[in-house]
Amino acid sequence: GKVSLRTVEIANNTNAQAFYQFVTEPTGCFEFSRTDGTVIPESSVNVDIRFKARIPGNFYRRIFVLVKNQGPLYLDLTATAYHQNQDQVPRPLPLFQKHVDNYWRRQLQEGTEHALAVNDSENMSDPVAAIWNEFFLDDTDRRRQICVQEGLVE
């Protein structure tokens, strides 16, 4: 099928080297041109992300970015794969960042175990505490899938 490509720029606006690493699976549907490296001072590096799905559907992955001596960052990657021939399989509704944001908001509002574990911190005033908690959370519950409700799609 068709491969989609997006480029992420990692900028280093400091006078020190910045070491970075994307935490990702090597065989996933989102492939990175490089997953770690160094950005020299006052410079930037481009990383290409390719999306190639083997089956039709919506795909979402939160990729953590670790930068030495910094708090964690993340990229929310979304994509939709479909057959050009609509007779085979209907085209899925597109998945956008607003759907992912709504999903995370609902998790917090409903007080799910996952949301409570991610947001459990002694210092919730620290903006990176939830990201660290999510990064280290051992959560393999497949029932937490994102579902798009047709009535909420514009």
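Of the contacts in the chain with a separation of 6 or more, 55% are accounted for by residues 24 or more positions apart. The model described here is predicted. Buried residues make up 26% of the 154 residues in the chain. The surface that the chain exposes is about 10900 Å², and carbon and sulfur atoms supply 48% of that area.

The secondary structure consists of 3 helices and 7 strands. Along the sequence these elements follow the pattern β-β-β-β-β-β-β-α-α-α. The strands are described below sheet by sheet, followed by helix α1.

An open sheet of 4 strands has the order β4-β2-β6-β7, with antiparallel pairing. The edge positions are taken by β4 (36-39) and β7 (73-81); each has a single partner strand, so one side of each is left without a neighbour in the sheet. From one strand to the next, the twist in this sheet averages 25 degrees. Within the sheet, strand β2 (residues 18-23) runs antiparallel to β4, and 4 bridges join the two strands. Tyr20 has Gly37 as its bridge partner in β4.

Another open sheet is made of 3 strands in the order β1-β5-β3, and its pairing is also antiparallel. Here β1 (4-12) and β3 (30-32) stand at the edges, and because each has a single partner strand, one side of each lacks a neighbour in the sheet. The twist of this sheet averages 25 degrees from one strand to the next. The antiparallel pairing of β1 with strand β5 (residues 43-51) extends over 9 bridges. Ser43 in β5 is the bridge partner of Asn12.

Helix α1 comprises 14 residues (residues 97-110). At 1.5 Å a residue, the helix should span 20 Å, and its end C-alpha atoms are 20 Å apart, so the expected span and the model agree. The buried residues of α1 are His99, Val100, Tyr103, Trp104 and Gln107. Around the helix axis these residues cover an arc of only 140 degrees, which means that they lie on the same side of α1.

In outline, the predicted model contains an open sheet of 4 strands, β4-β2-β6-β7, and an open sheet of 3 strands, β1-β5-β3. In the sequence pattern, the strands are followed by the helices.

Technical notes:
Residues are numbered from 1 along each chain as its sequence is written. This is a predicted model: local features need pLDDT of at least 70, side-chain atom pairs count only at pLDDT 80 or more; totals for chains, interfaces and linings use all residues. Side-chain values use heavy atoms; hydrogens and water are left out. The expected span of a helix is 1.5 Å times one less than its number of residues. Buried means under 20% relative accessible area, exposed over 50%, partly exposed in between (1.4 Å probe, protein chains only). The arc is that of the directions from the helix axis to the C-beta atoms. Two strands pair if DSSP finds at least two bridges between them. Axes are lines fitted to C-alpha atoms, for helices over the stretch in contact, and angles run from 0 to 180 degrees between N-to-C directions. Contact means heavy atoms within 4.5 Å. Accessible areas come from the Shrake-Rupley method with a 1.4 Å probe; for residues, only the protein chains shown count as cover.
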